[in-house]
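Please look over the chain below and follow this short report alongside it. It moves from the surface to helix packing and then to charged pairs.

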Amino acid sequence: MASGGIATLMYLLIALNILAAAASLALFAVAIWVAVDANKLYAISAVSGKDDIFAGAWIAIFTGFAFFLTCLFGIYAALKRSRRLMLVYLFLMFIIFLFECASAITAATNRDYLVGNSNLVKKQMLQYYADDSSKGKQITDTWNRVMQEDKCCGADGPTDWLTFNSTYKAIYPGSYPWPSNCCEKLSNAEVKDPIGCNDGGSTLFRKGCFQYIESVLSRYTWAISWYGFAVLMLVFFMLLLAMVYYIQLD
C-alpha cells in the first residue's frame, strides 16, 4: 500500500483509539457505580447466590481501565509505525476483549435469572425476612429500607404476607399481618396509624416492591452488559482496522 494509504489508516486508527479510550473511561465509571451499589440491593442478589451482576461490574472496572491504557499504547504504536508494538497492542486488546465479553454475558444472564419474574425475590423475602441469621439480617434491613423508600410492601403487594407462609409470620404471629415497614411511619420511626396498618387502612403501602427492584437491577445490567457490548463492538472494528494496518507495515 502506498505511504499515503498507510498514513490514512494510521490517522483513522488513532481517531478510533481516542474514541475507544473515552468510551472505556465511561465504562470504568459506570462499572464503579454498579459495584458501589448506590441503591443498596446487593443483599437480594448475594443471598440467592446470584451476584454475577456485581461480579461483572468488577470485571468491567478492570477492562474499562485496561482498554483505556491500551488505547493510549495503541496510539503510540500507530505513530511509531512499529510492527512489534502493534503486535503487542493487538494481543493485549484481544485478551481484554475476552474479559469484557465475560463481563457483559455474566451480567445479562444473571439479570434474567434474578428478576425474570417475582417468584425468586418473593421466596427469598418470605424465607429470610425477620430471620436472625446473617442472611436474614441482610434481607430484613434491605427490605425495610426499600419498603419505606419506595412506599411499597412485599414483592407483589401486601397479600404476599397473607397468602404464603413466612418466617415473619412464624416469629411474630400476634403482630401486624405484614411488617410494620409496609405502613407509613412518623419521623421517630413509629407507625403513623397502628390500627389502620393492622386493618389494611390508608396508611398501608399497597403496591409491590418487585417493580422497583427489577428496575434497579435492570439499570445495573444495562450499564454493565449493554453499554459494555457497545464498547466491544467499537473495539472489534478497531481491531480489524489495526490488523489491516499491521499487515501493511513494513
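Which residues form a nonpolar patch on the surface? They are Phe 62, Val 88, Phe 91, Leu 92, Phe 94, Ile 95, Leu 98 and Phe 99. Together they have about 730 Å² of accessible area. The model is predicted.

**The patch and its helix**

Helix 4 spans residues 83-115 and gives the largest share of the nonpolar patch, 7 residues. Phe 91 sits in helix 4. Is Phe 91 buried or exposed? Its relative accessibility is 54%, so Phe 91 counts as exposed. The cut-off for exposed is over 50%.

**Helices 5 and 6**

Helix 5 covers residues 119-128, and helix 6 covers residues 134-150. The two pack with their axes 9 Å apart, at an angle of about 115°. Helix 5 is therefore roughly perpendicular to helix 6. Their crossing is left-handed.

Which residues of helix 5 are buried? They are Val 121, Lys 122, Gln 124, Met 125, Leu 126 and Tyr 128. Just after helix 5 comes Ala 130, with a positive phi of about 80°.

On the other side of this pair, helix 6 holds Thr 142. Thr 142 has a relative accessible area of 6%, so this residue is buried. Val 36 lies 106 residues from Thr 142 in sequence. In space the two are 15 Å apart, C-alpha to C-alpha.

**Salt bridges**

How many salt bridges are there? The count comes to 5. The table lists some of them, with the N to O distance.

| Pair | N to O distance |
|---|---|
| Asp 160 and Lys 122 | 3.8 Å |
| Lys 207 and Asp 150 | 3.4 Å |
| Glu 184 and Lys 192 | 3.5 Å |

Take the salt bridge between Asp 160 and Lys 122. This pair links distant parts of the chain, 38 residues apart. Asp 160 lies in helix 7, residues 160-163, while Lys 122 lies in helix 5. Are these two partners buried or exposed? Asp 160 has 3% relative accessibility and so counts as buried. Lys 122 is also buried, because its relative accessible area is 10%. Buried here means under 20%.

Next comes the salt bridge of Lys 207 with Asp 150. Where do its ends lie? Lys 207 is in the loop between helix 9 (194-199) and helix 10 (210-248), and Asp 150 is in helix 6. The pair links distant parts of the chain, with the two positions 57 residues apart in sequence numbering. Lys 207 counts as partly exposed, because its relative accessibility is 43%. Asp 150 has a relative accessible area of 19%, so this residue is buried.

Glu 184 forms its salt bridge with Lys 192. At 28% relative accessibility, Glu 184 is partly exposed.

Which residues do shared partners join into one network? The salt bridges that share partners connect Lys 122, Asp 156 and Asp 160.

**Reading the pieces together**

Helix 5 recurs through this account. It packs against helix 6, and its residue Lys 122 pairs with Asp 160 of helix 7. Helix 6 carries the buried Thr 142 and also Asp 150, the partner of Lys 207. Helix 4, by contrast, appears here through the nonpolar surface patch.

Methods:
Residues are numbered from 1 along each chain as its sequence is written. This is a predicted model: local features need pLDDT of at least 70, side-chain atom pairs count only at pLDDT 80 or more; totals for chains, interfaces and linings use all residues. Side-chain values use heavy atoms; hydrogens and water are left out. Patches are made of residues with over 30% relative accessible area and no salt bridge: like charges are joined within 9 Å, nonpolar side chains (Val, Leu, Ile, Met, Phe, Trp, Tyr) within 5 Å. Accessible areas come from the Shrake-Rupley method with a 1.4 Å probe; for residues, only the protein chains shown count as cover. A salt bridge is a side-chain nitrogen of Lys or Arg within 4 Å of a carboxyl oxygen of Asp or Glu. Helices (H or I, at least four residues) and strands (E, at least two) are DSSP runs, numbered from the N terminus. Buried means under 20% relative accessible area, exposed over 50%, partly exposed in between (1.4 Å probe, protein chains only). Axes are lines fitted to C-alpha atoms, for helices over the stretch in contact, and angles run from 0 to 180 degrees between N-to-C directions. Angles under 35 degrees count as roughly parallel, over 145 as roughly antiparallel, 65 to 115 as roughly perpendicular and the rest as oblique. A crossing is left-handed if the near helix is turned anticlockwise from the far one by less than a right angle, and right-handed if clockwise.
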